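Student: Hi! Could you walk me through this model? I'd like to start with the ring pairs and go from there.

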Amino acid sequence: MQSKIPTIKNIINAYNKIKPFINKTPVLTSTNINKILQCKLYFKCENFQKTGAFKFRGACNAVLSFDEHKIKNGFATHSSGNHAAALSLAAKLRKTNAYIAIPDNAPKIKTDAVLEYGGKIFYCKPSLEAREEKLKEIIYQTNATFIHSYNNFNVISGQGTVAYELFNEIPELDIVIAPVGGGGLLSGTSIVMKSLKKNIIVFGAEPKNADDAYQSLIAKKIIPSNNPKTIADGLLTSLCPLTFKIILNNVEQIITVNENSIILCMKMILERMKIIIEPSAAVAVAAILENPSIFKNKSVGVIISGGNVELSKLPFFDN
């Protein structure tokens, strides 16, 4: 399953499957921000999605894709962020368990969300190796089914429903831009947009301090993330072969941005639109801010991937 690439038909099927359970998130605009950035922006606001991020779409589609008799042992994953909460809620909808390997330095707001949605937490050291080892222990003990946060056909199909909703509402887009970490959201976005409008341009956005996707597209091979240090904590993961292949075929460019621009765009969205977005979502806006000539006078769809951030730790409080 992991080697199979979703089609637009798979994504439409996913949308019909998860539609009763997800929020159809709004597309918001701001005349003020349009003037500042000199283009017409349409913000697809997944910060209003259940669990506060787009991740619920993919987790929901994956969990709903299993027959009743196959879910009795629950689901498992390793995640320190939005996928952990998303899988916990999706499992709860199916009246089964979610077992999550979480690093012991994960933010309390993230672990609280997992517990609130009924997930069972197993702490581990904050390294990929430790997370994967703890996950193996969980699966051995529970016989739960592993749902990867992005290296999964049904997860990518679910994430593509964000762009499907956006296109159905705003078909006149010239450009769509989404943040990229592991690549599930950008993969699904690019499949939808390139299937429904051949001449549309799809960009990914990534912090300069975690630019493995940018490097991978330049090298035309996966360059793993190497000690990334960015405020955009949702974009620390590397592409997998599945998402890399999709992005390589469909995405024109990965645009990298500075940390200060990420913070500035979080603040701008809060001040001008009165909504809170997480740093990972602000990366897509920062790409527009730093590259005005690319986007000038264009109609641009911006995927706001989520809004999960601790209010006491908003990075511009002291600015």
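**Aromatic pairs and beyond**

Tutor: Happy to! By the ring-centre rule, the count comes to 4 aromatic pairs. Keep in mind that this is a predicted model.

Student: Take tyrosine 15 and tyrosine 164: what kind of pair are they?

Tutor: Their ring centres are 5.4 Å apart and the planes meet at 65°, so the pair is edge-to-face. The cut-off for that class is over 60 degrees.

Student: And where do tyrosine 15 and tyrosine 164 lie?

Tutor: Tyrosine 15 is in helix α1 (residues 8–18) and tyrosine 164 in helix α7, so the pair ties together parts that are 149 residues apart in sequence.

Student: Are tyrosine 15 and tyrosine 164 buried or exposed?

Tutor: Both tyrosine 15 and tyrosine 164 are buried.

Student: What about the rings of tyrosine 99 and phenylalanine 122: how far apart are their centres?

Tutor: Those centres are 6.2 Å apart, and with the planes at 55° the pair is tilted. This pair also links distant parts of the chain, since tyrosine 99 sits in strand β4 and phenylalanine 122 in strand β5 (residues 120–124), 23 residues apart.

Student: How accessible is each of the two? Let's do tyrosine 99 first: buried or exposed?

Tutor: Tyrosine 99 is buried, at a relative accessible area of 11%. Phenylalanine 122 has 25% relative accessibility, so it counts as partly exposed.

Student: Back to α7 for a second. Which residues does glutamine 159 touch?

Tutor: Glutamine 159 belongs to helix α7 (residues 153–169). Leaving out residues up to four places away in sequence, glutamine 159 touches Phe54, Lys55, Arg57, Gly58, Ser149, Gly184 and Leu185. Glutamine 159 is a buried residue too, with a relative accessible area of 1%.

Student: Switching to strands. What is the strand order in the open sheet?

Tutor: The open sheet has 6 strands in the order β1-β2-β10-β7-β8-β9, and the pairing is mixed. At the edges stand β1 (27–28) and β9, each with a single partner strand, so one side of each is left without a neighbour in the sheet.

Student: In which sense do β8 and β9 pair?

Tutor: Strand β8 (residues 201–207) pairs with β9 in the parallel sense, over 5 bridges. Two of the partnerships are easy to find in the viewer: phenylalanine 203 has glutamine 253 as its bridge partner in β9, and glycine 204 stands opposite isoleucine 254 in that strand.

Student: Since β9 is an edge strand, how many of its residues are buried?

Tutor: In β9 (residues 253–257), 4 of the 5 residues are buried, so the strand is largely enclosed by the rest of the structure.

Student: Now the core. Which residues touch the most other members of the largest nonpolar core?

Tutor: That core has 62 residues, and Leu173, Leu186, Met193, Ile247 and Ile254 touch the most other members. Take isoleucine 247: beyond its neighbours within four places in sequence, isoleucine 247 is in contact with Val180, Gly183, Leu186, Ser187, Leu217, Leu239 and Ile254. Apart from the largest core lies another, of 38 residues, including Met268, Val283, Ala284 and Phe295.

Student: Anything odd in the backbone? What is phi near for lysine 95?

Tutor: Phi of lysine 95 is near 60°, a positive value in a residue other than glycine. For context, most residues other than glycine have a negative phi. Lysine 95 lies in the loop between α4 (82–93) and β4 (98–103), and lysine 95 is exposed, with 79% relative accessible area.

Student: And lysine 220: where is that one?

Tutor: Look in the loop between α9 (212–219) and α10 (241–250) for lysine 220. Phi of lysine 220 is also positive, near 60°, and at 60% relative accessibility lysine 220 counts as exposed.

Student: Last topic, the whole chain. How many helices and strands are there?

Tutor: The protein chain comes to 13 helices and 10 strands. Its radius of gyration is 18 Å, close to the 20 Å that the globule rule gives for 319 residues, so the chain is as compact as a globular protein of that length.

Student: What share of the residues is buried?

Tutor: Buried residues make up 58% of the 319. As for contacts with a separation of 6 or more, residues 24 or more positions apart account for 74% of them.

Conventions. Residues are numbered from 1 along each chain as its sequence is written. This is a predicted model: local features need pLDDT of at least 70, side-chain atom pairs count only at pLDDT 80 or more; totals for chains, interfaces and linings use all residues. Side-chain values use heavy atoms; hydrogens and water are left out. Buried means under 20% relative accessible area, exposed over 50%, partly exposed in between (1.4 Å probe, protein chains only). Two strands pair if DSSP finds at least two bridges between them. A nonpolar core is a set of buried Ala, Val, Leu, Ile, Met, Phe, Trp, Tyr and Cys residues joined through side-chain atoms within 4.5 Å. Contact means heavy atoms within 4.5 Å. The radius of gyration is taken over C-alpha atoms; the globule rule is 2.2 Å times the number of residues to the power 0.38. Rings of Phe, Tyr and Trp (its six-membered ring) pair if their centres lie within 6.5 Å; planes under 30 degrees apart count as stacked, over 60 as edge-to-face and the rest as tilted.
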